[in-house]
Each structure stands twice: as C-alpha cells, then as structure tokens.
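Open the model in your viewer and keep the selection tool at hand. We will go from one stop to the next, and each stop says what to pick and what to look for.

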Amino acid sequence: MIGRGTMDYGIGIDLGGTEIKAVAHALSDGEVLGRATAPARDGEFRDGMPGFLVEARRLVDGFEAELACGAKAVGVSAPGLAATDGRSIANMPGRLEGLVGLDWGDGLGRPDAVPILNDAHAALLGEIWLGAAHGLSDVIMLTLGTGVGGAAVSGGRLLTGHLGRAGHLGHISIDYEGQPDICATPGSLEDAVGNATLQKRCGGAYRTTHELVAAYARGEPSAVEVWERSLRALAAGVVSLINAFDPQAVVIGGGIATAGEHLFDPLRQLVREREWRPTGKSVDLRPAELGAFAGAAGAVYNAASLGE
C-alpha cells in the first residue's frame, strides 16, 4: 500500500459526451490509486459554469481529499482539436457547450496550467504508458465505436499536426467515389466500419455491431456478408496506415474491439494477405488493454511529462 499523503500522483479527467471518467495514478509506477465516473451534464450550467466542469472539479477535489495531498499533475482528455498551447479545446462543434476555449487551469482553479489533448491522442499515450503499446516508440491506434478515432506516435513523439487534425485516422478514404462522411472525406474508413452507419450498411437487419457480430458467430449468412465486408474495409485501412506510418504495432480499441477473436483472427489474416512486408514479418495487431480509462491515463501521462 502506498502511504497516502506522501506519494507523487496525477489525476486524469477524460471528458466524454455523456460521461466523465477520472483516475488517479501513482507517477512512479502507474499504480491506480482511484477511479471514478460522473455524468457530463452537457448543456447544463451552474453559476455560469458548464456542468461538466462542475463535475470535473468535484472529482479532482474528491481524489485530493481521499489521498490527503494535492496532485502533482492534473490533465484532461476531451473530444475535439486541442489549441496549440495545449490549454483548451479549439474546435469541437455540436456538443459539450462551453468546452471550446475553456482554459482548464482556470476552470479547475489550479495555480499551474492543466494541459488538455484530444481523447484519441490521450488513449494512445495511456496505452504506451501502461497498456498494449508499452515501450513502443512507433505505434498507431484505432478506436472502433460509433465512429473511428485514431492517433499516431512516431519516433516517440505524438503527432498532432498543424491544427491538431493529425491522427484522425477514421477519416482516410478507402473509396474515392464513396459518399462524403462528416468531415467531407469520400468513402471514409469510419463510414465503412463505424457503428453509426451499420444500419445503412446492413439494410436495417442489425441495430448494433455487437448484434451483427453475434449473428456472424452463429453463421447467419447476411451477418457474415456484412461483417466480412467491414473487415475487408478495415484491413485496407490498416495496411494503408502501416505504409504511411511504418509502426511497430497497431493497437485497436473501442467498443467494437470487444468482438475479440471474431475481429482479430480474420483481420490479422486479411492484413497478412495485403500488407507490404519488407522483412517478411507482419506488423503486430494488438487489442487495447486499458479499456474505458485509457484516455484518463493518457491525460495523467501527458500532464506529468509536460511538468518534468
């Protein structure tokens, strides 16, 4: 047991559209000292403060009270494009009113800046620190869920790009004649795989990818056709990203990744058949390990790294 009130630890806040996930990690070895969740309260305000900020303050205060000392580092993960100074989200249309432009150091009442980064970027940093990508310096991550998120680390450096768009791997095109997605990309990987387009892709036969995979496992012909088409699209995207980034591994997370062997076994085979392998060895496809708290862990890691 780590002595409370004596250790250096960090707090990570991962802001989602409906829920906030928070974690306290010992900075020495990453041990989880506490986890908590709270509703995001999108659209609610209290004394002019967004509801999600009220909840985030409560979570931070709760950890510090329980651990009987202040956190050495506090970081935030959120959807959207982070500002170049890393203190706020610069672009996030459509939800989480009050998020854009919010300085989290001021918002949480911290004397030092509270760095914020995109949630998919944070998830990959969490996996590098404590999960499936531990010890890797060249790795990409895809998060498969309602949409398809992503992030890339090259030479040990998180790629953010000029405006923060780097890592939006779901918005690569795998069909140049396809319909534009929400970012105007024709025939995107996200639309070929994400849960948001499933009913259109299967003619309404399945409501969720979990239902589709369960039917696939039972051998239902319509499910087999739709799932295998989705996997071929995903494999095409993966091998294209391997050519672009030359990673040591591709980490795959998100809700769809819980399909386990029904995802990874056929996907590995499809990638092996399509991948350019100069050394003869296929790039390792790994399931993410940190689950729903990857982004919060990455927020701690980011804050602690910037404070060094």
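Start by selecting Leu234 in this predicted model. Leaving out residues up to four places away in sequence, Leu234 touches Leu142, Leu144, Leu189, Val193, Leu263 and Leu267. Show those side chains too, and you are looking into the largest nonpolar core, which has 40 residues. Which of its residues touch the most other members? They are Leu142, Leu144, Leu234 and Leu263, so three of these names were already on your screen as partners of Leu234.

Now colour the elements that give two or more residues to this core: strand 10 (139-144), strand 11 (148-154), helix 4 (189-193), helix 6 (209-217), helix 7, strand 13 (249-253) and helix 8. Which of them gives the most? That is helix 7, with 11 residues. Before moving on, you can also pick out another core that lies apart from this one. It has 33 residues, and Tyr9, Ala24, Leu96 and Val114 are among them.

Next, select helix 7 (residues 221-245) together with helix 8 (residues 261-274). Their axes come within 9 Å and cross at roughly 50 degrees, which means that helix 7 is oblique to helix 8. Turn the view to look through the pair, and you will find a right-handed crossing. To see the contact itself, show Trp227, Leu231, Arg232, Leu234, Ala235, Val238, Val239 and Ile242 on helix 7. On the helix 8 side, add His262, Leu263, Pro266, Leu267, Leu270, Val271 and Arg274. Colour this contact by residue type and you get 12 nonpolar residues, one polar and two charged.

Keep helix 7 and swap its partner for helix 6. How do these two helices cross? The axes of helix 6 and helix 7 come within 8 Å, at roughly 120 degrees, and that angle makes helix 6 oblique to helix 7. The crossing here is left-handed. The residues to display from helix 6 are Thr209, Leu212, Val213, Ala215 and Tyr216. They meet Ala223, Val224, Val226, Trp227 and Glu228 of helix 7. By type, this contact holds eight nonpolar residues, one polar and one charged. Trp227 is worth a second click: it belongs to the contact with helix 6 and also to the contact with helix 8.

Stay on helix 7 and centre on Ile242. Is Ile242 buried or exposed? Its relative accessible area is 6%, so Ile242 counts as buried. Setting aside neighbours within four places in sequence, show its contacts: Pro247, Val250, Val271, Glu275 and Val283. Then draw a distance from the C-alpha of Ile242 to the C-alpha of Ile140: the two are 8.5 Å apart in space, although 102 residues separate them in sequence.

For the last stops, leave the helix contacts and visit two alanines. Select Ala68, in the loop between helix 1 (51-67) and strand 6 (73-78). Its phi is near 60 degrees, a positive value in a residue other than glycine. With 55% relative accessibility, Ala68 is exposed.

Then jump to Ala184, in the loop between strand 12 (157-158) and helix 4. What is phi here? The angle is near 75 degrees, again positive in a residue other than glycine. Ala184 has a relative accessible area of 55% and is exposed.

Conventions. Residues numbered from 1 in each chain as written. Predicted model: local features only at pLDDT ≥ 70, side-chain atom pairs only at ≥ 80, totals over all residues. Heavy atoms only, no water. Axes fitted to C-alpha atoms, helices over the stretch in contact; angles between N-to-C directions. Helix = DSSP H or I, 4+ residues; strand = E, 2+ residues; numbered from the N terminus. Parallel < 35°, antiparallel > 145°, perpendicular 65-115°, else oblique. Left-handed = near helix turned anticlockwise from the far one by under 90°. Contact = heavy atoms within 4.5 Å. Nonpolar A, V, L, I, M, F, W, Y, C, P; charged D, E, K, R; others polar. Core = buried A, V, L, I, M, F, W, Y, C linked by side-chain atoms within 4.5 Å. Buried < 20%, exposed > 50% of the residue type's maximum accessible area, 1.4 Å probe, protein only.
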